[in-house]
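The following exercises ask the reader to work through strand pairing, burial and side-chain contacts. Each task is followed by a solution in steps.

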Amino acid sequence: MKVYFDNAATTAMDDRVIEAMLPFMKSHFGNPSSVHSHGREVRSAIEKSRKKVAELLNASPSEIFFTSGGTEADNTALVCGIESHGITHAITSPIEHHAVLHTLEVLAKKGAVRLHLLEVNEKGEINLDQLKSLLKENPKSLVSLMHANNEIGNLNDLDRIGTLAKEYDAFFHSDTVQTIGHFIHDLKNLHVDSLVAGGHKFHGPKGSGFLFVRKDKKIHPFIHGGAQERNMRGGTENVIGIIGIAKALELAYEDMAGHRTHIEKIKTHFIKKLTDDIPGVSFNGLSEDLEKSLYTVLNVSLPPSDSNRGMLLFNLDLEGISASGGSACSSGATVGSHVLRALDHNPERDSVRFSFSRFNTIEEVDYTVGKLKELYAVEA
């Protein structure tokens, strides 16, 4: 049996997304910057896609900029947000995605900003009282906090963070790569100045993404060299990626509640099976709590095991199970998780992130837990 439980890394493309993209690989091949009919029909398709994304997110089409993915979008928002608005102080957390954390660390190293990392507890919860204190001391800061953590699934309260940011005139950016397409985002009523998406996280194509920037918080371009994306991103547009991400988002919104119900059943069943069948199992962050975590992510901490230590993902792969994870420290070829280190996770315990999509089944859960039970049977 082959099981794919690494949907937080990437998802399978929906066949309907591929169908929407195909004409733009074959007959609709014009350059959207060209003024002839071949170019105009492609330009029209791009703008229809932009309008669809904006409509779904309750934003204006002029606030949506297509990118190569979430990482480029994060870099654009952070680097250009800081430069455009003369920001000298930034606040983030030690468990952000490296697209945010590394970008801000580079800016701090260059002396562009002073950087503060918020405290997190052993469950990965961010100290929002500290955020308020820092904002009070440093108004007009940049705040970058993700909606949901990609490793442990913790959800942050964007409304509360956004309200704090607005109170102290801060620029609030959120990495929403793991939640766009899985949660409703009402951008007219959410106090966020910029957020990002990557199409391959919700059954769209890799190499596609977008950046939302609120119209009263305009920033300058990150990539120069052309007037594309209303002078915000030089370079010929990735037309098939734009068509694909818009279609994928449309499909995600068509039955988001149904998808969530299906995936939550899988996650709930997984938690119960693991707890019943593997003594000493626990869960990292808040991933076990359906109310406080991303419903697509479960981060499992397994009991110490000499035979599996550092080899668990390899052993699962041999059984046809694809997942991801790691330990709190680096060893050999395995790069340690900066998120688990921030949580003071026990390095003797291997951790695995299982992440789900609407294409997964209960049978796949039972197979996976059965194999884990076999792997830990000798030492249980």
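Two strands are said to pair if DSSP finds at least two bridges between them. The model is predicted, and every value below is computed from it.

**Exercise 1. Establish how strand 6 and strand 7 are joined, and describe the sheet that contains them.**

Step 1. Strand 6 (residues 171-174) and strand 7 run parallel and are joined by two bridges. With at least two bridges required for pairing, the two strands count as paired, because two bridges are found.

Step 2. A specific partner can be named: histidine 173 has serine 194 in strand 7 as its bridge partner.

Step 3. The wider sheet is open and consists of seven strands in the order 2-8-7-6-5-3-4, with mixed pairing. Its edges are strand 2 (64-67) and strand 4 (114-117), each of which pairs on one side only. On average, neighbouring strands of this sheet are turned by 20° against each other, direction ignored.

Step 4. At the edge formed by strand 4, strand 3 (residues 89-92) runs parallel to strand 4 and is joined to it by four bridges. Here alanine 90 stands opposite leucine 115.

**Exercise 2. Determine which strands pair with strand 8, and whether its residues are buried or exposed.**

Step 1. Strand 2 runs antiparallel to strand 8, and four bridges join them. Strand 7 also pairs with strand 8 in the antiparallel sense, over five bridges.

Step 2. Leucine 211 of strand 8 is the bridge partner of phenylalanine 65. Valine 196 also stands opposite leucine 211. A further bridge partner in strand 8 is phenylalanine 210, which is matched with alanine 197.

Step 3. Five of the five residues of strand 8 are buried, so the strand is largely enclosed by the rest of the structure. Gly209, Leu211 and Val213 point one way, Phe210 and Phe212 the other, and all are buried.

Step 4. Strand 7 is likewise mostly covered, with five of its five residues buried. Ser194, Val196 and Gly198 point one way from strand 7, while Leu195 and Ala197 point the other way.

Step 5. Helix 8 (residues 239-254) lies across strand 2, strand 7 (194-198) and strand 8 (209-213). The helix runs at about 75° to strand 8.

**Exercise 3. Characterise the surroundings of threonine 176.**

Step 1. Threonine 176 is located in the loop between strand 6 and strand 7.

Step 2. The relative accessible area of threonine 176 is 0%. The cut-off for burial is under 20%, and therefore threonine 176 is buried.

Step 3. Apart from neighbours within four places in sequence, threonine 176 is in contact with His147, Leu158, His185, Leu195 and Val196. A polar atom of the threonine 176 side chain lies 2.5 Å from the backbone oxygen of valine 196.

Step 4. Threonine 176 and aspartate 74 are 102 residues apart along the chain, and their C-alpha atoms are separated by 9.7 Å.

**Exercise 4. Characterise histidine 338 in terms of burial and polar contacts.**

Step 1. Histidine 338 lies in helix 11 (residues 338-342). Its relative accessibility is 15%, and so histidine 338 counts as buried.

Step 2. Beyond its neighbours within four places in sequence, histidine 338 is in contact with residues including Pro94, Ile95, Leu101 and Glu151.

Step 3. Two polar partners can be identified by distance. A polar atom of the histidine 338 side chain lies 2.8 Å from the backbone oxygen of glutamate 96. The side chains of histidine 338 and histidine 98 make a polar contact at 3.3 Å.

**Exercise 5. Test the length of helix 12 and locate its buried face.**

Step 1. Helix 12 (residues 362-375) has 14 residues, which at 1.5 Å a residue should span 20 Å. The end C-alpha atoms are 20 Å apart, in agreement with that expectation.

Step 2. The buried residues of helix 12 are Glu364, Val365, Thr368, Val369, Lys371, Leu372 and Leu375. Seen down the helix axis, the buried residues fall within an arc of 160°, so they line one face.

Step 3. The general geometry is as follows: an α-helix has 3.6 residues a turn, so residues three or four places apart point the same way.

Step 4. The face turned away from the buried side of helix 12 carries the exposed residues Glu363 and Glu374. Cover for the buried residues includes strand 1 (3-4), helix 9 (256-277), helix 10 (312-318), strand 11 (321-322) and strand 13 (351-355).

Key:
Residues are numbered from 1 along each chain as its sequence is written. This is a predicted model: local features need pLDDT of at least 70, side-chain atom pairs count only at pLDDT 80 or more; totals for chains, interfaces and linings use all residues. Side-chain values use heavy atoms; hydrogens and water are left out. Buried means under 20% relative accessible area, exposed over 50%, partly exposed in between (1.4 Å probe, protein chains only). Contact means heavy atoms within 4.5 Å. A polar contact is a pair of N or O atoms within 3.5 Å; within protein, one must be able to donate a hydrogen and the other to accept it, and residues adjacent in sequence count only if both atoms are side-chain atoms. The expected span of a helix is 1.5 Å times one less than its number of residues. The arc is that of the directions from the helix axis to the C-beta atoms. Axes are lines fitted to C-alpha atoms, for helices over the stretch in contact, and angles run from 0 to 180 degrees between N-to-C directions.
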